[in-house]
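The exercises below concern a predicted model. Please examine the sequence and the coordinates before reading each solution.

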Amino acid sequence: MAETNIKKNANGYGYLGLYKSPTYASWNAMKQRCDNPNAPEYELYGGRGVTYPDEWKTFKGFVDDMGVRPNGTSLDRINPFGNYSKDNCRWATKLEQQHNLRCQKRQDAGVYWSKQRKCWQAKIYFNNKQYGKRFIDKDEAITWRENKLAKLWEEYNNGNYEFN
């Protein structure tokens, strides 16, 4: 970790030296996504009701729970349908995050038209397994994909699913 020099200030915790760090940038970006309706990704986070704990309103509270961001990582919600919290967040690499997606910016992510089969196909890659189904209607494919992914996460959260 590049940012291990955390120092207390006169008030107890100033986290001197971290305010222009990758850790601070991650915390600030999370707050913007959840709180600022003018932020580019607000509709995908705050607009969908994604929140963070009261303790994370301060940078100190965030660092106390998450620690300093390791090089090559960024903040990731383990369950992409859940809120930001100590139990649902981790520092993850880009590759780890790519395997942990819900339908994101485009509602139809993971859904495409198959010219060969002349139908819509929905696909999910979850824990190194592929799930898919064919549809005549694009909206049905989108709905199936969202529901299937939510169900997989529910099974995982209930302890009925283990990651490889």
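Three exercises with worked solutions follow.

**Exercise 1.** Determine which elements give two or more residues to the largest nonpolar core.

*Solution.* Begin with the core itself: it has 16 residues, and those with the most contacts inside it include Met-30, Trp-56, Phe-62 and Leu-75. Next, assign its residues to elements: helix 1 (22-35), helix 2 (59-66) and strand 2 (89-92) each give two or more. Helix 2 gives the most, with four residues. Then inspect Trp-56, whose contacts beyond four places in sequence include Trp-27, Met-30, Phe-62, Met-66, Tyr-84 and Cys-89. Polar residues such as Lys-31 and Asp-65 also touch Trp-56. Finally, another core of 14 residues lies apart from this one, with Phe-126, Tyr-131, Phe-135 and Leu-149 among its residues.

**Exercise 2.** Locate Arg-69 and identify the partners of its side chain.

*Solution.* Arg-69 is placed in the loop between helix 2 and strand 1 (74-77). Its side chain makes a polar contact of 2.8 Å with the side chain of Ser-26. A polar atom of the Arg-69 side chain also lies 2.6 Å from the backbone oxygen of Thr-73. As for the backbone, the C-alpha atoms of Arg-69 and Tyr-24 are separated by 8.8 Å, although these residues are 45 apart along the chain.

**Exercise 3.** Is Lys-118 buried or exposed?

*Solution.* First, place the residue: Lys-118 belongs to the loop between strand 3 (111-114) and strand 4 (119-126). Its relative accessible area is 64%. The cut-off for exposed is over 50%, so Lys-118 is exposed. Lastly, consider the backbone: phi of Lys-118 is near 55°, a positive value in a residue other than glycine. Most residues other than glycine have a negative phi.

Technical notes. Residues numbered from 1 in each chain as written. Predicted model: local features only at pLDDT ≥ 70, side-chain atom pairs only at ≥ 80, totals over all residues. Heavy atoms only, no water. Core = buried A, V, L, I, M, F, W, Y, C linked by side-chain atoms within 4.5 Å. Buried < 20%, exposed > 50% of the residue type's maximum accessible area, 1.4 Å probe, protein only. Contact = heavy atoms within 4.5 Å. Polar contact = N/O pair within 3.5 Å; in protein donor to acceptor, adjacent residues only side chain to side chain.
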